[in-house]
Amino acid sequence: MAGEYDAILLRSSPSLQRIVGRALCLGSSRFAHLRRYENPGSGEDLADCVAGILTETPNPVSKLDQVTVEEIDALLNGLAANCRFSSHTVRQSHRNTGCENKETLGELYRQVHAREAKWLTRIILKQIQLTALDPSIVYGSYDARLPFVARVQESFEVALTSLRELRASNPLGIGTQNLVHVIKPILGTKVGRQTWLKGRSIKHCIGLHPKRVSCEKKMDGEYCQVHVDLSKGSRSVQIFSKSGKDSTQDRVGIHK
């Protein structure tokens with residue numbers, strides 16, 4: 001899934017559970033089956049429960065009804081465009097998709113098999129840790145320089161554009177050690193941050209990184225990255241959250 005799906009309201013199992021329940025017309029007993037993941041120690045997640053429901057009562061899916069990854073991607077991006085919590089870029093780039101109702105997502109569950117529904121659920125909830133890959137390994141398989149470029153320009157599209165321009169201007173190639181003199185930050189594109197590890201105690205923190213470390217006081221507040229482009233006049237400030245989301249509109253009271 002290469003889209004910019006950012007519909008935060010769907011990232012909770014109970015919310016998606018209700019959508020699936022209505023889409024599959026589940027009665028009280030089958031809806032209870034769908035909620036089994038809520039039982040402590042069940043060892044299941046919502047995706048497993050959805051797959052179980054569709055294994056018992058499969059959808060009458062024909063080859064003509066098969067759902068493509070592109071259709072799922074377009075639907076999720078369309079939903080994100082209509083979510084007020086999504087970044088301004090996502091809302092603008094997908095605002096004309098016509099996907100204005102979260103219930104539209106339920107229609108997908110009537111067109112897929114059990115296994116497909118399981119992974120569709122995990123994609124929506126962003127619960128695919130078991131299949132997570134280190135981006136630097138994936139990027140490096142394409143070009144050894146791409147991981148470095150992506151750390152400076154934390155937008156896959158922008159990083160690829162910079163890499164293509166680098167290839168065009170230097171056919172013989174530039175080694176990764178010399179990239180620091182060529183690849184520069186770009187206003188409006190978040191600069192990658194260092195890796196953050198969550199520590200449970202001072203002893204645990206020291207164990208995470210046995211080499212020399214530095215400490216600082218933690219103040220109440222939020223980490224953010226601020227870009228200022230004076231050429232844009234009243235819209236010169238752009239704020240990125242720690243996760244990389246464009247939070248300029250969310251924090252409009254700070255910079256207006």
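## Helix α3 and C49

C49 sits in helix α3, which spans residues 46-56; helices here are DSSP runs of H or I with at least four residues, strands are runs of E with at least two, and both are numbered from the N terminus. This is a predicted model, so local features need pLDDT of at least 70 and side-chain atom pairs count only at pLDDT 80 or more, while totals for chains, interfaces and linings use all residues. Residues are numbered from 1 along each chain as its sequence is written, and side-chain values use heavy atoms, with hydrogens and water left out.

Is C49 buried or exposed? C49 counts as buried because its relative accessibility is 0%; the cut-offs are under 20% relative accessible area for buried, over 50% for exposed, and partly exposed in between, with a 1.4 Å probe and protein chains only. Setting aside residues up to four places away in sequence, C49 touches H33, L34, R36, Y37 and E44, where a contact means heavy atoms within 4.5 Å. C49 and A117 lie 68 residues apart in sequence, and their C-alpha atoms are 9.9 Å apart in space.

## What α3 packs against

C49 has company on the buried side of the count: L46, A47, V50, A51, I53 and L54 of α3 are buried along with C49. Which helices do the buried residues of α3 pack against? They pack against α1 (13-23), α2 (28-34), α6 (104-109) and α7.

Helix α1 offers a good residue to look at, since Q17 lies there. Q17 has a relative accessible area of 5% and is therefore buried. Beyond its neighbours within four places in sequence, Q17 is in contact with F31, L34, R35, Y37, E38 and L46.

## Charges around α3

The structure holds 9 salt bridges, each being a side-chain nitrogen of Lys or Arg within 4 Å of a carboxyl oxygen of Asp or Glu. One of them joins E44 to R36, with 3.3 Å between the closest N and O atoms. E44 is partly exposed because its relative accessible area is 27%, and R36 counts as partly exposed because its relative accessibility is 33%.

Another salt bridge brings together the side chains of R122 and D48, at 3.1 Å from N to O. This pair links distant parts of the chain: R122 belongs to helix α7 (residues 114-125) and D48 to helix α3, with their positions 74 residues apart. R122 has a relative accessible area of 11%, so R122 is buried, whereas D48, at 22% relative accessibility, counts as partly exposed. R122 also lies over the face of W119, at 5.0 Å from the ring centre; for this, NZ of Lys or CZ of Arg must be within 6 Å of the ring centre and within 35 degrees of the ring normal.

A further salt bridge connects the side chains of D250 and K245, at 3.3 Å from N to O. Salt bridges that share partners join D45, D48, K118 and R122 into one network. As for burial, D250 is partly exposed because its relative accessible area is 37%, and K245 counts as buried because its relative accessibility is 17%.

## A look at helix α10

S162 is found in helix α10, residues 156-169. With a relative accessibility of 11%, S162 therefore counts as buried. Apart from neighbours within four places in sequence, S162 is in contact with V149, Q153, I183 and I186.

## Cysteines

How many disulfides are there? The count comes to 0 disulfides, using a rule that asks for a pair of cysteine sulfur atoms within 2.5 Å. C25 counts as exposed because its relative accessibility is 64%, whereas C49 is buried at 0%.

## The whole chain

Stepping back, the protein chain has 12 helices and 2 strands. Along the sequence, they follow the pattern α-α-α-α-α-α-α-α-α-α-α-β-β-α. Of the 256 residues in the protein chain, 32% are buried. Among contacts between residues at least 6 apart in sequence, 59% join residues at least 24 apart.

The protein chain exposes about 17,000 Å², and carbon and sulfur atoms supply 54% of that area; accessible areas come from the Shrake-Rupley method with a 1.4 Å probe, and for residues only the protein chains shown count as cover.
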